Structures are given as structure tokens and as C-alpha cells.
Amino acid sequence: MSDSIRDRLSSPGGHGEQNGGGDSSKSDITTSDFVQTDSRSSHGAAQTIAHAPTAEGPNALGGVGASGMSERGAELAVSSLFLLSLVGVIGFIVCYIAVPFDYGKANYEWYTPALGVFMTLALVGVGAGAVLWAKTLMVDEETVQERHPLASTDESKAETVAILKEGFDNTGLPRRKVLGLTMALGAGSLAILPIPLVFSLAKFQHKERTLSKTSWKAGSKLLDELGRPVKLGDLEVGGVKSVFPDVPGGRRAADSAALLIRMKPEDLKVKDSRKDWVQDGHIVYSVICTHLGCPVKLYEQQTHHLFCPCHQSTFDAANGAVPLFGPAARSLPQLAISVDADGYFVAQGDFTEPVGPSFWERKPSYSDKVGKA
Amino acid sequence: MTSIAEKAGAGTATWVDDRLGSSNFVKRSLNKVFPDHWSFMLGEIALYSFIVLLLTGTYLTLFFEGSSREVLYNGSYAPLKGIPMSAAYASTLHISFDVRGGLIMRQIHHWAALLFLASIVVHLMRVFFTGAFRKPRELNWIIGVLLLILGLLEGFAGYSLPDDLLSGTGLRIAYSIALSIPVIGTWAAFLVFGGEYPGGAIIERLYPIHILLVPGIILGLITFHMMLIWYQKHTQFAGPGRTETNVVGSRIYPAYAAKAGGFFFLVFGVMTALGGLAQINPIWLYGPYDPSQVSAGSQPDWYIGFLDGSTRLMPNWEISALGHTFSPNVLLPTQVLPGILFALMLFYPFLEAKFTKDKAYHNLLDRPRDKPVRTGLGAMSIAFYVILMIAGGNDIIARIFALSINEITYTLRVALFIVPPLVYVATKRICYSLQRADDELLHHGIESGTIRRLPSGEFVEEVVPLPSQYAVLLATTPERKELLAHQAQEHGHAISSKQRGFFRPRGGVLETPAPSEDKQLEGTVD
């Protein structure tokens, strides 16, 4: 092993040309005896920095290496680690085939851990073996290499500038101003070319109108999560129910999910303009948080607080769902409801303001008048 | 047998060399010297994690379907049978329950992503605190910060792909954040998502971004990062014989390469152990995305946590005027704050050089204590970051410790502005104290533990001068170098001022023959 290093270093190949970078890896490495006087020369005589015993050294066999492990022991340990990889690979293949895999079968949950254990053995065996080999059995001399200066010489820089300038002059650009101008215009305009393509990413939609509309329509029944219409009396005082508009796709519409809450009518503070938006202590709010759009559904019965699990905005359901805490700045929009002839809850119309997070085009004020369209 | 192999090898090598002249390059590369220090492995971990991500990720693409097309699940996982869901979610379930080895690959992939970003962050701290970003390595610092930012994007895109309840919530938040951009917010959000949320195109778009675009850029930047390390040569800590103009370490071949190669497999092994034994992101428990559902305790992957925290701490400032709505409560913590943080990070090397008027080349690393202001700034930044991270888990903390979430939030809001400056001052003071301790060691030496009684009856502890190979580690300032040189003159402990060449032959010229009593310390040099 060290033979090869010695051969390499002292062979003619070791005399390679000085590379441009300035690694001074040439003449010095031809010396027959590799000992090095590096920094430690300051406090000791010339000494070899090799960290591992050389094969022909005094402790070639059964000797003790730098790590305190005998060479024989080290070889054994490294070989065992490499064999451990083989065991890991075999184990991996066996487990891949033999461990129950199908969901629900007995012991199926051991499939992934079993693969993991053997794959880990396979990888760690090779990895630890290589590292241990390098640390115990390979010659690892501390070596000094000079850094090459990074900056070019002034002459080189001047030459480069001269070449650039000459080439630039040769293009004729300094004399033909029109060429330069038209090139800048033509080539520069290429930067604009892809911009229209960006607008293919979405069909044009009027932003404010789109964001202001949900699936709720006048007369839409309030459906629960299973699609059953909700009736007056389905909910106890203190109860809540997720409700969705009775339209195709209403259950999955990202902007239409709402929450029906029932509290004692005397607990409910309602603005005069919204007196007929509630029915017998039943009130409906959009669950799309006015902060970042998470569903606000955690309802605290005692305090009438609605809590958003994403960023902890808290809204007062008994008082127009005004924000009490957290980063949300606006109340949850309220849906005006009434009860139809059969006792089912229906929406009086869509929300009167955009649900969910704020956006630039959102108008500061919205009226409390429900459009019956 | 050996001779045949040797002949074949030599033949191939000759064939290649005849055409490429590769021998010179190979020889130079194999002889390249790398300094050794445990902290230099942190970047290696990041590199190896990325390779693991490429390997496992490529396997996952063979099964994953990046589509929001609705399907009825009909796989092995009984609890979700017959439930409508996106093809993306269904194929992730397929990988987890119907592909042998699919789940472990998915989990290794996710763990590797977490470790990729974690090792980048720790590597970045190493580079920062040791001043490795200084001239001539500012470009590599910038590439590193870009890699961190791209890593964050890549991670977010990746965990959004399965379209489960958790990741869908994250995507909706991302959409809402885009909405908050003044003037162009709705345009940006609609164009990215393909219309009003959910838009129906985001999974389809994130997929090529996650598996082609961003990893391609990351791969290119990593290559450039490595080439610059190679060309500019690695920095090293001060030590015996180490100067600004040399590199002291191991040649790359064979031991260094064996260690680095082995380390790759060890890193891969650790990730495999995690992927096999530690469950991560069990999307089947979250269920498919439903815009009306969210589970309490929804936390993003750790590297997004600081932004989640800043969003939670932000007061609800919103301005509605002149027919428009402007939302600092969203804009500041999610866009302005990371923008400022990453800009500061990108330009830090230039800011420091400007304020310290330091235009010199630096190849020797600083010890953090020797640069109290920089170390203080770094510690301050970490404190700021950690508070944001804690804020990102304020609901979890409130639940575990049965505390009021409001009080935690108010406390953290105050702490975010009070604690970092305190940390800065404390760190600076600790640095100065450590410097004084070093000075003490250099001037007076080590307390030997031997108590001697003087004829006068007085007891004194004997002090041993610091051995030169340790003293040189501390010689980090001009004053100390001068002191050491002075001591060397007095006691004959010279610090070799110059190292010549690649190797020096035995009997090379020594500046000062060293005294023999230091021989006994040789064994402990490393």
C-alpha cells in the first residue's frame, strides 16, 4: 500500500510539469524517504507525519497503528464491516420478498422497518468499513501545499483588456452607432417576447368580482357534511354544524364552507341592519379565515370564540365575528339566512363581501344589504 | 489475474489519455491537499443528502402522478376506500401501501429533505462564524445562500405535492400570501394557481418545478460551489505551519477520498435508518385535501417554521383606503421579513468588509471569539430565528405546558425585539472573556496543579508555558503573533514562518532547530 504511494511519488510520473495553478507538487516529492518537516519542525526534529504504519515498517504485521488498533485487528474489523454490507443486502432482499406487505395482514407493519434495518446495515457496512480502513490502514500523511495567487498579474489583465478592446473595435461597433442601437432594440425586445405567454397561465377573470362571489345563492338550502339539509331545531343551543350551499360541487367549493352556530338569542349581539340575518339564535359565518384562508372551525361554547388553528386568530361569534386576537384584521363574513316553509334553513343570498384573505382590489366598505339575485 | 486487470486498466487509461491528456489532470487532482476539521463535514452532509434526494426522488417519480384529477380511491388502504381524492394523493397512497419499498423510499426522501436543509443551515453557520465567507470566497457564500433559498422552495414544493389535508392547507396559505402583494397580488396568485383558489393547476405545475426546474438549478449551483472550493482551495484553521498562503492537510487520494466516500454511505445509512424506523408525514392519517377541513396543530416542515412563527406573531395591521386594501399583517412577516433576512445574508460579506475596511485575502479561519462583533451578530440572528421558530409552534407549546396561547404570543412579540440585542451583548462579552483567557494562557501558561512551598512558607502553583503547537493555535492576532515570536526568541520555540513545497526532504533547512524536550508532546499534536 505504501509501496504504491512511494512508487507513485518517486516515479517519473511524480515529476509532472508544474501545473498552471501553482501547486508545487513537483520536485520535492521525489525524495526517497518520505518524511516531512512541516510546521512541527518548529518543536521537533524532522519527523514523518504518516498516521498509519507503513507495510515495511517495524510494525508491519501485528504492529499497533495510530489508532491503537493492531493492523491485523483493523483488517479484520474492516473486512467484517464490508461483509456486514453483504448481510444487509441479502437481508434486504429476503425481507423484500418474505415479510408480509399487504395492508392489514398480520405483521405487515414490520415491512418498512425490516427493509430499513437491512438497508441501513448494507450502507453503513460499506461506509464504516471505508472510513475505518482509511483511518487505520491507509497512509495518511499531513502534507503542505502552496496556494496559488488568485488574482492575475497586471500584465495579464492589461493584455485581456487590450484583446477585448481590439475585438470590439474589429466588430465596427464604435463607428457604426446605428448597428449598436438596432441590436439593442432587437435583441432587447426578445426579453418582452415571453411575457404574453405568462398570461396563458390563467384565464382572465375579473379579480374583485371573482373573489367576491361564492356558490351561495338566494334560496340555497344549508347542507351538512353528508349533504342533508339542515332544519330549524337540528342544533342544540351551543352546537355548531359545518354547512355548504345546496348547489353542485358546493361541498368542495373552496370559498363557500360556512359554520352554523346556535347560541341563546340573548347572547347574540347583532347590528340593526343585520337583525333579519339570524334566525332564533342561529347565525352563519364563513369559515374561511380573513387572514390566510384556513377553515376557522374551532368553536368554544362558553366564550363563543371561533379559533383558527393555523395562526391563532380568534373571532367573537356572538358579536359579528370581530377579530379579538391574532393576525386577522377583519370579521368573518356573515351569511344572511332565513327558514323556508318546511323549516329548512336557506341562504338569503351570497355573502355581501368577499370571503377569505384580503387582496389589493378589495373595496374598504361593503354594504349590509343582501342582494336577492 | 492481477496482471490482466492491470493491463486492462493501463490500456484504458492510455486510451483515454491519448485522447484527453487526462493524466496531468488526474495526477494534480489526486495530489490535491484538503485541510481536515470535523466542521468541514457539514457541507459534505448537505451534498450527500442531495444525492440521496436525487436517488430516492427519481424512484418516486416512477409511481407518483402529479395531477389534481379527481379519482375514487381503490387501493389497499381500507379506511380511505371509495373516497374521492386527487390522483396525486391516491398515487402517494399507492406508493405508501401498494409499492414494495415505496414507503421507505418516500420516508427516506422526506428525511433527506429535512437533513439537506438542516445541514445547509449548520454549514452556513460554520462558514459565518469562522469568517470563511471573506475575500476571496464571497461568491461561494452567495451561491450557498441561493442554495438555501432554493432548498426552501424545493422543500415546500415537495411536501405540497401529495395534496393531503396538511399540504393543501399550506398551499392555500401560500395562495393567500400571494394575494396580499400590493397591486399585482391577485394577478400573481391567479397566474400561479391557474385561477381563483384552488385553481386546479397547482399540483400539475409544482410537479415539474419540484422534479426538474429547481433541482436542475440546485445541481448547477452545487457544481459551481464545488468547483470554486476546488479552485480557490479550502480554508483552514490556524495551526502549526499553517499560513495564509498554504494548505496543510491530507492529499485527496487515497485516505481522504476513502473517508469522504465512506461518509456518503454513512450519511445515506443514517437517512435510511430514519426512513425505515421513524415515520414521517403519514399522509393517510391526514386524509385528502378538503378546503373546509383543517386539523389542529398543523405545522409545516421545520424550515418553513420561522415564517409560520413570524406570521403568528404579527399584529393584525391592515389598511383600507382609497378603494384598496393593503395587508401588512400578511405582507410583512411572509415576504418583507424573509426578503430582508436573505438580502442581509447575501450581502453580509460585503457589509463586513466595508465596515471593517478589510480588503485582504483570508485563507485562515477565525476563531469566533476573536471576532466578537461578528459572533455577536450571528448569535443575535440565531436568537431571532429561534424565537420565530418557537412562535411557529406556539399552539403546541400552549397545549403541552397548559399555557395561554395569547400570553405566549404577547411574550414572544416582546422577546423578538428584546432578546436578540441582549444575546448580542452577552455573546460579545463572552468572546472578550474567552480572549482574555487565551491571553492568560499565552502570557502565563498552564496551571500545572503542582503546589510548591517557597522557603518563606508561601504556597505557589507552578505554571508551565503553553507548548508551542498549542500556542500557535491561539496566535490569531498580530499582537499575539508578536508575543509568540518574542517568546520564541527567548525560549527557542520558533514558529516556522514559511513552509516550502509539497514535501520537504529529511534534513531540509529548518528555521530554528527545536529543543528536544518537546518531543514528548508529539503524540498529542493531533
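# Close-up views of a predicted two-chain model

Of the 526 residues in chain B, 50% are buried (under 20% relative accessible area with a 1.4 Å probe, protein chains only; over 50% is exposed, in between partly exposed). This is a predicted model, in which local features need pLDDT of at least 70 and side-chain atom pairs pLDDT 80 or more, while totals for chains, interfaces and linings use all residues. Residues are numbered from 1 along each chain as its sequence is written, chains are lettered from A and ligands numbered from 1 in the order written, and side-chain values use heavy atoms, without hydrogens and water.

**Figure 1. Chain B as a whole.** The secondary structure of chain B comprises 18 helices and ten strands, taken as DSSP runs numbered from the N terminus (helices H or I, at least four residues; strands E, at least two). Its C-alpha trace spans about 90 × 70 × 45 Å along the principal axes. Among contacts (heavy atoms within 4.5 Å) in chain B with a separation of 6 or more, 72% are between residues 24 or more positions apart.

**Figure 2. Packing of α6(B) on α13(B).** Helices α6 (residues 138-160) and α13 (residues 328-356) of chain B pack at about 170°, with axes 8 Å apart. Axes are lines fitted to C-alpha atoms, for helices over the stretch in contact, and angles run from 0 to 180 degrees between N-to-C directions. The two helices are therefore roughly antiparallel (over 145 degrees; under 35 is roughly parallel, 65 to 115 roughly perpendicular, the rest oblique). On the α6(B) side the contact includes B:W141, B:I142 and B:L152, and on the α13(B) side B:F342, B:M345 and B:F350. The contact residues divide into twelve nonpolar, no polar and one charged. Here Ala, Val, Leu, Ile, Met, Phe, Trp, Tyr, Cys and Pro count as nonpolar, Asp, Glu, Lys and Arg as charged, and the others, Gly among them, as polar.

**Figure 3. The kink in α13(B).** Helix α13(B) bends by about 60° at B:Y348, shortly before the proline B:P349; the bend is the angle between axes fitted to the seven residues ending there and the seven starting there. The end C-alpha atoms of this 29-residue helix are only 35 Å apart, short of the 42 Å of a straight helix, an expected span given by 1.5 Å times one less than the number of residues. Just after α13(B), B:K357 has a positive phi of about 55°.

**Figure 4. Surroundings of α8(B).** In helix α8 (residues 185-193) of chain B the buried residues are B:G185, B:T186, B:A189, B:F190, B:L191 and B:F193. They pack against α6 (195-198) and α7 (207-212) of chain A, and against α7 (165-179) and α9 (202-232) of chain B. The axes of α7(B) and α8(B) come within 7 Å and cross at roughly 145°. B:L171, B:Y175, B:A178 and B:L179 are the α7(B) residues in this contact, which in total has seven nonpolar, two polar and no charged residues. B:G194, just after α8(B), takes a positive phi of about 85°.

**Figure 5. Backbone geometry in loops.** Most residues other than glycine have a negative phi, and most peptide bonds are trans. The bond joining B:K135 and B:P136 is cis, with omega about 10°, and B:P136 is in the loop between α5 (102-129) and α6 of chain B. Another cis bond runs from B:Y197 to B:P198, with omega near 5°. B:D163, in the loop between α6 and α7 of chain B, has a positive phi of about 60° and is buried at 12% relative accessibility.
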